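Hello,

The structure we discussed is pasted below. After it come my notes, grouped by topic.

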Amino acid sequence: MQGKKHLTPELFTTVNIYDLVPTDNFYRRLSKDLSLDFIYKATKDYYGKEGQESIDPVVFFKILLVGYLNNINSDRQLIAFCSDSLSIRLFLGYDIHEQLPWHSTISRTRSLYGEEVFIELFKTVLQLCVSKGMVRGKRQAVDSAFIKANASMDSLVEKEVLDDADYYADELNENSEFKVSNTRTKQVEQHHDWKKKAYKSMPKSSSKGDRKDEHGNLIRPKYLSNHTHYSSTDPDARISVKPGKARQLNYFGQLAVDDANHVITGACADFADKRDSQCLEQIVEITKENLEENHIELGEILADAGYSSGEALKYLHENDIEAWMPNFGQYTPEREGFVFNKEENRYDCIKEGGNQAKLHFKGEKTDSKGYTKKTYRSSESDCKNCPLREVCCGLKTNFKKIDDSIHKPLYDLMHKKLTKNPLYAKRMSKIRSKTVEPVLGTLINFLNMKKINSRGIQQANKHVLMAAMTYNLKKYLKFITKKPSITAQEMCLQIGKAQTCLKTFLFDLKSTFLRYPIFQNPNFNPKINLA
């Protein structure tokens with residue numbers, strides 16, 4: 001007989017939430033393995049002694065953890081998701097009939113706590129991974145990724161030089177809510193009026209709805225730069241772009257990953273208009289500090305060519321840190337046709353058929369990109385009548401000039417190390433790519449690091465730390481420690497028994513041989529050492 005289920009809700013019922021959630025549920029195991037009681041002490045200074053009670057700090061961080069575990073970026077959706085799950089309610093300590101905190105409480109509490117609380121939480125989970133033998137510190141792979149800011153490109157405002165500098169500074173450094181004043185709002189509207197008027201007057205194209213001018217050319221957005229514009233809603237966000245993608249406001253997420261079991265040992269956020277090489281010192285110092293707190297020594301640093309710069313190599317050299325990092329593309333180990341005379345600090349021309357000119361040191365200068373270089377130049381009398389002048393110096397120049405970075409000796413040392421051990425260098429490059437790149441992909445696509453739902457560099461740093469902590473926590477729960485089949489003590493006992501048996505066997509063998517007359521000859525020595 002076919003059955004049909006009808007729902008008849010009971011007016012009063014007795015239900016225990018512990019009976020409704022399986023004992024092997026992920027969140028029940030997480031509650032057992034992760035203790036967050038230290039958060040009460042870490043957040044004590046953020047509250048007074050009077051007034052209404054706030055949200056439980058442990059509950060707040062558990063709610064955030066659920067959001068990162070389930071790749072939920074919106075606080076509204078996060079609270080709705082937690083309310084709808086029995087296992088998460090049990091994890092948070094809320095019974096079936098209890099109402100969860102409002103979503104606005106989550107955003108306000110996130111802004112209330114300082115970065116040190118999130119750093120302490122990250123270090124606590126990292127310490128758990130170390131205690132399980134998941135980190136060895138031999139190699140740390142470093143890489144970065146853009147994280148989309150919670151600000152639109154339409155919020156960009158052209159930088160202006162105002163008479164009242166204090167007023168301008170206050171506008172850039174507003175409170176954590178990033179409210180925009182009426183004056184600034186009018187400036188934003190005036191700045192974007194040209195777009196509205198132009199788009200309304202131009203006909204749409206038939207393909208993608210793009211606007212075209214009277215000649216049929218697509219209207220492209222005005223070129224925007226961090227030097228000329230800033231976001232009025234999030235002044236810390238920076239305009240950045242990747243090849244093949246549109247410009248947008250981003251932050252920079254930096255990671256250091258241990259190559260043993262892909263545990264994140266260092267994480268931080270930075271401004272997106274920086275180069276990777278400018279962020280290397282910060283992420284290495286963070287990683288070094290985290291490892292030293294767990295009594296682990298920092299080994300090798302693995303990075304790509306984007307982290308290569310004179311300042312980065314100088315930092316690594318001064319701190320005696322071993323690194324495998326290819327030099328950037330513009331580096332040239334040797335100048336074709338010239339040899340450097342270290343004693344005289346000059347370049348000598350060795351081109352066959354040339355005038356053998358001498359390029360003397362003329363001083364240091366800083367170019368438009370901020371790089372300081374040494375300039376070596378020949379005299380016009382040496383190169384003016386040289387038969388190779390046009391090829392070497394150019395059509396309109398009568399002298400040869402060579403610019404070298406002030407850190408060229410450090411570049412040469414790295415180049416020498418890479419060329420001396422090419423197989424090992426290639427292996428380090430593969431280890432770096434297979435260690436840190438999958439971790440970044442997991443964080444961005446599955447652990448909510450793709451976009452920040454708050455504003456400001458401090459909030460961005462909290463976001464990166466929480467995503468990295470969540471990744472380490474999942475690795476910790478899944479990691480199984482391989483126990484040896486025999487302990488060291490048992491092995492020593494077995495070796496001792498084997499030695500005793502061997503001595504007994506040799507003694508019996510000698511006794512057997514001595515029974516025969518040939519072995520009783522005093523000149524015969526069997527040379528059996530029973531020691």
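For the lining counts that follow, Ala, Val, Leu, Ile, Met, Phe, Trp, Tyr, Cys and Pro are taken as nonpolar, Asp, Glu, Lys and Arg as charged, and the others, Gly among them, as polar. Please keep in mind that this is a predicted model.

Overall make-up

The protein chain has 531 residues, and 38% of them are buried. Its secondary structure consists of 18 helices and 13 strands. The accessible surface of the protein chain is about 33100 Å², with carbon and sulfur atoms accounting for 51% of that area. If contacts in the protein chain are restricted to residues at least 6 apart in sequence, 66% of them link residues at least 24 apart.

Largest pocket

The largest pocket encloses about 1300 Å³ of space. Its lining comprises 43 residues, and those closest to the centre are Arg275, Ser277, Phe328, Lys369 and Tyr371. Sorted by class, the lining of the largest pocket contains 13 nonpolar, 16 polar and 14 charged residues. Several elements each supply at least two residues of this lining: on the helix side H11 (276–293), H12 (310–318) and H15 (408–420), and on the strand side S1 (139–148), S4 (238–240), S12 (372–377) and S13 (401–405).

Cavities

How many cavities of 30 Å³ or more does the structure hold? There are five.

The largest cavity has about 90 Å³ of space. It is lined by 14 residues, and Cys349, Ala357, Cys383, Cys386 and Cys392 lie nearest its centre. Helix H13 (380–383) and helix H14 (389–392) each give at least two residues to that lining. The classes there are eight nonpolar, two polar and four charged residues.

The second largest cavity has a volume of about 70 Å³. Its lining includes Leu64, Gly67, Tyr68, Arg110, Asn448 and His463. Two elements, helix H4 (57–69) and helix H5 (75–83), give two or more residues to the lining of the second largest cavity. H4 contributes the most, with three residues. By class, this lining has four nonpolar, six polar and two charged residues.

Cysteines

The structure has zero disulfides. Cys383, which is among the residues nearest the centre of the largest cavity, is a case to look at. The nearest cysteine sulfur to Cys383 belongs to Cys393 and is 4.4 Å away. A disulfide requires the two sulfur atoms to be within 2.5 Å, so a pair at that distance does not count as one. Cys383 is classed as buried because its relative accessible area is 7%, and the cut-off for buried is under 20%. Cys82 is buried as well, with a relative accessible area of 0%.

Pro57

Pro57 is found in helix H4, the element that gives the most residues to the lining of the second largest cavity. Is Pro57 buried or exposed? Pro57 is buried, since its relative accessible area is 8%. Leaving aside residues up to four places away in sequence, Pro57 touches Ile39, Tyr40, Thr43, Tyr47 and Tyr113. Of these contacts, the one with Tyr113 links residues 56 apart along the chain, and the C-alpha atoms of Pro57 and Tyr113 are separated by 9.7 Å.

Regards

Technical notes. Residues numbered from 1 in each chain as written. Predicted model: local features only at pLDDT ≥ 70, side-chain atom pairs only at ≥ 80, totals over all residues. Heavy atoms only, no water. 1 Å grid on protein atoms, 1.4 Å probe; cavity = no way out; pocket = protein on both sides within 12 Å on 5 of 7 lines; lining within 4 Å. Points joined across faces, edges and corners; volume = space filled by probe spheres on them. Helix = DSSP H or I, 4+ residues; strand = E, 2+ residues; numbered from the N terminus. Buried < 20%, exposed > 50% of the residue type's maximum accessible area, 1.4 Å probe, protein only. Contact = heavy atoms within 4.5 Å. Areas by Shrake-Rupley, 256 points an atom, 1.4 Å probe, with all protein chains shown as cover.
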